[in-house]
Amino acid sequence: MKSFFPLLALMVFLIFHLSIYFFFIRQIIQPKIPRLVLKYFLIFNFFGVIAYFAARYFVDFPQSLYFLVSLSIGVGFVLFVVMLVYQTLKLVLWLLFWLFPSFSKERRGFFQRVLNLSSGIFALGYLGVGLVEGRLQPKIERVKIPLKNLKNSMNAVQISDLHIGGLIEENVVRQIVQQINALKPDFIVLTGDIVDTEITKVSRAIAELAKLNAPLGVYFIAGNHEYFHSIQPLFEGLKSIGIRVLENECVQLVKNQGTNEEAIVNLAGVYDLFGRRIG
């Protein structure tokens, strides 16, 4: 499973890159030299994808190099999405020309040039926004959940998909932990895809998770990405820093409000279904 997934992902990204060149780059870039430059850029980017999966699963890369090759994943995905948008709009143009055959050749050419230029600008803007937003702190979203018969309120913080490992290291985790603790939750739930590498590679980031503070505890359930690596050592590592791993079980949380009434919640956590695939 560990070696099959990177191979499958590489095949998908190869299709992405071929599609980007033949159905986007070749159609919007007419001059030979710029098209050739973008062609080699895509080839270089695909080798970056290969390096990313090699670093992710087989070889340890320096953090700065891992960051650079990981960008190739985002570049490939963004350009593929832009290609799909471009082809959709091109189909709309074709239908427009079919419905209105009186459009002159010059007008059709004008609309096509506008589509080509705007698609190029959209691609650059999409990449830029992705780079900026990817480095921002998580946005706090406040949600009220009414629970029948809950006599007093409880405050919880839920976070998922940190994907610690590679780009997400101890500095990022430290900021997020401070952000969570500042909310003063009664309990904290980590709902999957928190760690996305071998736990031995991110010991300092895991040490930051140990600083999560909530009087009723910190709880974790596995997402599918935890199964891509050694999941039992991860479970043991999280338990060793005081995080309760819910393995198809339920725990009762009791908050004493200083009165005769107590707030009681049953918190249940189950394995991700991906675990069944790998036994």
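Which residues is S19 in contact with, leaving aside its neighbours within four places in sequence? Select S19 to begin; the model on screen is a predicted one. The residues in contact with S19, once those neighbours are set aside, are F24, F80 and M83. S19 counts as buried because its relative accessibility is 13%, under the 20% limit for that class.

**Helix α1**

Widen the selection to residues 4–28, which make up helix α1 and include S19. The helix has 25 residues. From the first C-alpha of α1 to the last is 35 Å, close to the 36 Å expected at 1.5 Å a residue. Now centre the view on Y21, where α1 has a kink of about 35°. Colour the buried residues of this helix: P6, A9, F13, F16, H17, S19, I20, Y21, F24, I25 and I28.

**Aromatic rings**

Next, show the aromatic side chains. The whole structure holds 15 aromatic pairs. One of them joins Y52 and F53, an edge-to-face pair with 5.1 Å between centres and 80° between planes. Both Y52 and F53 are buried. Keep these two displayed and add F13, F16 and F80: ring pairs link F13, F16, Y52, F53 and F80 into a cluster. Two members of that cluster, F13 and F16, are among the buried residues of α1, and F80 is one of the contacts of S19.

Move to F100 and F103. Their ring centres are 5.9 Å apart and the planes meet at 15°, so this pair is stacked. F100 is partly exposed because its relative accessible area is 42%. F103 has a relative accessible area of 18% and is therefore buried. Add R107 to the view: its charged end sits over the ring of F103, 5.4 Å from the ring centre.

**Helix α5 and the loops on either side**

Select V177, in helix α5 (residues 170–181). With a relative accessible area of 4%, V177 is buried. Not counting residues up to four places away in sequence, V177 touches E208, L209, K211 and L212. Then draw a distance from V177 to I206: their C-alpha atoms are 11 Å apart, and the two residues are 29 residues apart along the chain.

Most residues other than glycine have a negative phi. Two loop residues here are worth a click for their backbone angles. D161 is not a glycine, yet has a positive phi of about 60°. Look for D161 in the loop between β1 (156–159) and α5. At 43% relative accessibility, D161 counts as partly exposed.

The second is K184, also not a glycine, with a positive phi near 50°. K184 is in the loop between α5 and β2 (187–191). Is K184 buried or exposed? K184 counts as exposed because its relative accessibility is 66%, over the 50% limit.

**Strands β5 and β6**

Finish at strand β6, residues 262–269. In a regular strand the side chains alternate between the two faces of the sheet. Along β6, A263, V265, L267 and G269 point to one face and are buried. E262, I264, N266 and A268 point to the other face and are not buried.

Add strand β5, residues 249–256, which pairs with β6 in the antiparallel sense over 8 bridges. To see where the two strands face each other, select K255, which stands opposite A263 in β6.

Key. Residues numbered from 1 in each chain as written. Predicted model: local features only at pLDDT ≥ 70, side-chain atom pairs only at ≥ 80, totals over all residues. Heavy atoms only, no water. Helix = DSSP H or I, 4+ residues; strand = E, 2+ residues; numbered from the N terminus. Buried < 20%, exposed > 50% of the residue type's maximum accessible area, 1.4 Å probe, protein only. Contact = heavy atoms within 4.5 Å. Expected span 1.5 Å × (residues − 1). Bend = angle between axes of the 7 residues up to and from the residue. Phe/Tyr/Trp six-rings, centres within 6.5 Å; stacked < 30°, edge-to-face > 60°. Lys NZ or Arg CZ within 6 Å of the ring centre and 35° of its normal. Pairing = 2+ DSSP bridges.
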